[in-house]
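Welcome! Take a moment to look over the sequence and the structure below, and then let us walk through them together.

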Amino acid sequence: MSTAMNFGSKSFQPRPPDKGSFPLDHFGECKRFQEKFMKCLRDNQFENALCRHESKDYLECRMQRQLMAQEPLEKLGFGDLVDGKADKH
């Protein structure tokens with residue numbers, strides 16, 4: 001039969017995750033920041049604009065622990081919160 005499977009002809013080539021994909025925080029390294037962000041969302045009827053400081057802190061935690069790629073905070077939409085440019089609420 002000419003349709004025999006030849007598993008050796010193709011090799012798997014790993015590739016980095018797509019932008020926006022990142023490993024789960026299996027060890028809970030950023031759980032404190034995540035909980036603070038989620039509490040802020042609940043307290044503010046899920047209006048995420050009111051929780052930008054908590055969101056920034058959570059993303060910084062993830063980047064510091066290599067749970068996501070390092071990105072400038074300005075590129076993530078937090079340029080106004082960098083270097084004390086905005087008051088903390």
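Let us begin with a pair of charged side chains: K39 and D43 meet in a salt bridge, with 2.6 Å from N to O. Keep in mind as you read that this is a predicted model. Why can these two residues find each other? K39 and D43 are four residues apart in helix α1, which covers residues 31-43, so about one helical turn separates them. Side chains of opposite charge can pair when their charged atoms come close. How open are the two partners to the surroundings? K39 has a relative accessibility of 46% and counts as partly exposed, and D43, with a relative accessible area of 47%, is partly exposed as well.

**More charged pairs**

The structure holds six salt bridges. Another of them joins R52 to D80, where the closest N and O atoms are 2.8 Å apart. This pair links distant parts of the chain: R52 sits in helix α2 (residues 52-64), D80 sits in the segment after α2, and their positions lie 28 residues apart in the numbering. R52 counts as partly exposed at 23% relative accessibility, and D80 is also partly exposed, at 37%.

E71 and K75 give us a further salt bridge, with 3.5 Å from N to O. Are these two partners buried or exposed? E71 is buried, with a relative accessible area of 15%, whereas K75 counts as exposed at 60% relative accessibility.

Here are these three pairs side by side:

| Salt bridge | N to O distance |
|---|---|
| K39 and D43 | 2.6 Å |
| R52 and D80 | 2.8 Å |
| E71 and K75 | 3.5 Å |

Charged residues can also join up in groups. K56, D57 and E60 are linked in a network of salt bridges.

**A charged residue without a salt bridge**

Now turn to D25, which lies in the segment before α1. D25 is buried yet has no salt bridge. Which side chain of opposite charge is nearest to D25? That is R62, at 4.9 Å. A salt bridge needs the nitrogen and the carboxyl oxygen within 4 Å, and R62 is 4.9 Å away from D25.

What does the side chain of D25 reach instead? It reaches the backbone nitrogen of E29 at 2.9 Å. If we set aside neighbours within four places in sequence, D25 is in contact with C30, K31, R62 and L67. R62 therefore appears among the contacts of D25, although the two form no salt bridge.

**The chain as a whole**

Time to step back from single residues. How many helices and strands does the chain have? There are two helices and zero strands. Of the 89 residues of the chain, 26% count as buried. The accessible surface comes to about 7400 Å², and carbon and sulfur atoms account for 54% of it.

You can also ask how the chain meets itself. Take the contacts between residues at least 6 apart in sequence: 50% of them join residues at least 24 apart.

**The nonpolar core**

In soluble globular proteins, nonpolar side chains tend to be buried together. Which residues make up the largest nonpolar core here? It has seven residues: L59, M63, M68, L73, F78, L81 and V82. One of these, V82, touches L73 and E74 when residues up to four places away in sequence are not counted.

F78, another member of this core, also helps to show how the chain folds back. H53 and F78 are 25 residues apart in sequence, and their C-alpha atoms are 8.7 Å apart in space. H53 lies in helix α2 and counts as buried, at 10% relative accessibility.

**Two glutamines with positive phi**

Last, have a look at the backbone. Phi of Q45 is near 50 degrees, a positive value in a residue other than glycine. Where is Q45? Its place is in the loop between α1 and α2, and at 65% relative accessibility Q45 counts as exposed.

Q66 also has a positive phi, near 55 degrees, and is likewise a residue other than glycine. You will find Q66 in the segment after α2, where it counts as exposed at 70% relative accessibility.

Conventions
Residues are numbered from 1 along each chain as its sequence is written. This is a predicted model: local features need pLDDT of at least 70, side-chain atom pairs count only at pLDDT 80 or more; totals for chains, interfaces and linings use all residues. Side-chain values use heavy atoms; hydrogens and water are left out. Buried means under 20% relative accessible area, exposed over 50%, partly exposed in between (1.4 Å probe, protein chains only). Contact means heavy atoms within 4.5 Å. Accessible areas come from the Shrake-Rupley method with a 1.4 Å probe; for residues, only the protein chains shown count as cover. A nonpolar core is a set of buried Ala, Val, Leu, Ile, Met, Phe, Trp, Tyr and Cys residues joined through side-chain atoms within 4.5 Å. Lys and Arg count as positive and Asp and Glu as negative; His and the chain ends are not counted. A polar contact is a pair of N or O atoms within 3.5 Å; within protein, one must be able to donate a hydrogen and the other to accept it, and residues adjacent in sequence count only if both atoms are side-chain atoms.
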